[in-house]
Each structure stands twice: as structure tokens, then as C-alpha cells.
Amino acid sequence: MTERERNEKLFDAILKVAAEEALREEIDAMPSCEELNKMYPRSKSLDKKVYAAINRKFGAARRKRIARIFAKIAACFIFAAIGAGISGAFFLGVGSRAPEGEPQTGIAFGYIPQGFELVAAQEYYTFADDDGRRFAVRRASGDVIEAGSDYVRVEFRPQSIVPDIDISEITMEVGENIIISSFSLDSETLSKIAESIK
Amino acid sequence: MLEQIYEKYYGTMLYIAENILYDRATAEDAVSEAFIKMGRHVEKLQDASPYQQRAYIAKAVKTVALDFYNKQTRRNEIEEDFENFSASDISTDILWSLLRKEGYEALKAIVQTLPDHMKDVLLLHANGYSHDEIAKALGISVSNSKKRLSRAREFVKKRLAGKHD
């Protein structure tokens, strides 16, 4: 190694350390993430813009994946015990409660069945029509389904909240942790909604 | 992952964007645009340290906010002039001086005076980001990122030589 090359390597090494420290000082000069999150609270408009941006960016890949998913649907029927108290927790029907702490979704739909309107947009997007039929959409957290997995899982669960009434809930998990559920709509309609998600 | 990044750093991103744009609605637009620009590189941040994560996101949103500001004020973009660029050698004397506290502090001060478009590349590169990732964050090409890094090195060398004379 020539002296010039050695000097360049040494200079780069020292410059790297200085630059690392300079960046650390820059970051330390800012208030902490927690403080800034309090000082600059989220708004619905910000959530809407960010989730729309995220979905727009990755939506094209998702649409292709959903088209493949429905071409080779793998249905899985799970029958939970009646009265076992496993609610499925999509708050459809009398007495059910929504799980707490779910993040607000930012899902853009290309298809909503006629007559349905958005009636709630807190932890879930809930759509209902005048006849009381409902479906709900949420983005699941954690490990409900692997991101990018290539299948749809469909569950039928008897309604356990009101054990004397035989109501089946269809739960459709699609691709990247989006879950669509309904006690009132059939799987074909739910599939159409899922396919339309941008 | 994207949602986790958003939920952790939304305040940081708004803080940076609003300090440049002075308008909440435009700052929100800049934050959402930054997510588009960062793209899938954001998902790689899960292995980065908190400092590295925050730095990458901060630089990305700063760049977008400045673009918005420049468009608002109709300022011209920074012209990349690499034609007169020439590499220079660093002397052994200067190197030895950098190993002493005073020389090292002088080096850090020079790094802080780098123009933003060079400094951001140098800082991100020194903290482990590839030129591909830097290009995404700053909205530039990979070759531009490499050129800016080279220019940053030369800028620092020349300033050091000037101080040493």
C-alpha cells in the first residue's frame, strides 16, 4: 500500500467517526420521539394521507396478489365450540364487542355493495345497509397472517354470543393482515370487496 | 413495519416538516410523500439502531419538505456541478493533527458546515446506509449520492488544508 492510499484510508476512517458523532449530535439536539409525538399529535387527516400513501405505494402489488389468491382459493373452515365464549370479536350482532386497541385502518375500497354506507370508522370500518346487514374491515396487528402470504383463509364461526341463534360469521383474511368479516353477507360478496381493496 | 415506523416517528416527521414549511396541512403532505419516497427501504430499518432509524427518516422528510418549500418559493434546485471536481491528497501532517482532540473537533466543526446536500449523504453513509438507500431517502440518483459523498470528502480536505496553512 502506498503512503497516499494509507493516508486516504486513515482519513476516511477518522471522517467516518466524526460524521457518526455529528449525526448523533444532530439527533440528540431534537426533542425525543415521545415528546415530539405529544407536541405534534396525530390527526385524522394525517392518518388518512399517510395510509393512503402507503396503500398507493404498495397497492399495485397487493392487487396482483389478491387476483392470484382468488384464482386458487384455499378455504379453511373452523368451527369453534358453541358457547365457548370465543367471540371472534368483530362486534357484529347483538352484544358483541370490538377488540380494543386496534389501529385505525386506511383501506381504500374499489367496491362496496349497493345500499351499504360507512357507519363507524374507529377501530374498524363498519358498513351497514338499511336492512341491518353489516360487514367490518380491519387491519390486523401482529401475526394473524404473514405479510405477502399467498392464500386466503376463510373461517366460519357460529355466533357464540347469542347461543340460541344459529348465525355464522364469515371471516376472510386477505394478504397483508386485512380482515373482512360479516354475519350477513356471503363469501362471494366478501371476496368481491376484498378483491377491490386498493 | 411501515405503520410501526409511522406510529413511532410521526411527531419527529411533523416537527421537521413544520419547521421548514410553517403550515400543518403542507407538512402532513410532506410526511405522507416521504413515506412514498422511502418506499420499501423503510422496512429494512427494523434492524437499524434507533439513531439510525431516526436519522434516515429525518433526512427523508427534510428533503421532501425542502422540495415543497422550493416549489412554493420557486427557488431553483441545487445544480449539481461536478465538472470542476478534482480529488486532492491529504497530508500526513493534517492526518496527525486529526488524531489530537483539537484537530478532531475542528474536523467535526467542518463537517457541520458542509452544505446540506453533501452533509446529508456523508452522515447517512457514515452511519451504515448504502447509496441505494440514501438515494431513496433524499430523492436523488445513486450516482448523485456517490458524487456528493466524494464532493463532501474533498470539501472537508480543502477546509482542513486551509486551516492548517
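**Notes on the predicted two-chain model**

1. Starting with chain B: take the contacts between residues at least 6 apart in sequence, and 74% of them join residues at least 24 apart. Keep in mind that this is a predicted model.

2. The secondary structure of chain B is quick to describe, with eight helices and zero strands. Along the sequence that reads α-α-α-α-α-α-α-α. Chain B has 165 residues, and 42% of them are buried.

3. Now the cores. The largest nonpolar core has 59 residues, and the members touching the most others are Met13(B), Ala17(B), Val31(B) and Val61(B). The top contributor to this core is helix H1 of chain B (residues 2-21), which puts in 11 residues. Apart from that core there is another one, of 12 residues, including Phe135(A), Val137(A), Ile179(A) and Ile193(A).

4. Ala17(B) is worth clicking on. Ignoring neighbours within four places in sequence, Ala17(B) is in contact with Ala27(B), Ala30(B), Val31(B), Val61(B) and Ala65(B).

5. For a look across the chains, try helix H1 of chain A (residues 3-29) against helix H6 of chain B (residues 116-126): they pack at about 105 degrees, with axes 8 Å apart. An angle of 65 to 115 degrees counts as roughly perpendicular, so H1(A) is roughly perpendicular to H6(B).

6. As for who meets whom there, H1(A) brings Lys16(A), Ala19(A), Glu20(A), Ala22(A) and Leu23(A), while H6(B) brings Leu122(B), Leu123(B) and Ala126(B). By type, the residues of this contact come out as six nonpolar, two charged and no polar.

Terms used
Residues are numbered from 1 along each chain as its sequence is written. Chains are lettered from A and ligands numbered from 1 in the order in which they are written. This is a predicted model: local features need pLDDT of at least 70, side-chain atom pairs count only at pLDDT 80 or more; totals for chains, interfaces and linings use all residues. A nonpolar core is a set of buried Ala, Val, Leu, Ile, Met, Phe, Trp, Tyr and Cys residues joined through C-beta atoms within 7 Å. A residue is buried if 20 or more other C-beta atoms lie within 10 Å of its own, exposed if 12 or fewer, and partly exposed in between; C-beta atoms are placed from the backbone. Helices (H or I, at least four residues) and strands (E, at least two) are DSSP runs, numbered from the N terminus. Two residues are in contact if their C-beta atoms, placed from the backbone, lie within 7 Å. Axes are lines fitted to C-alpha atoms, for helices over the stretch in contact, and angles run from 0 to 180 degrees between N-to-C directions. Angles under 35 degrees count as roughly parallel, over 145 as roughly antiparallel, 65 to 115 as roughly perpendicular and the rest as oblique. Ala, Val, Leu, Ile, Met, Phe, Trp, Tyr, Cys and Pro count as nonpolar, Asp, Glu, Lys and Arg as charged, and the others, Gly among them, as polar.
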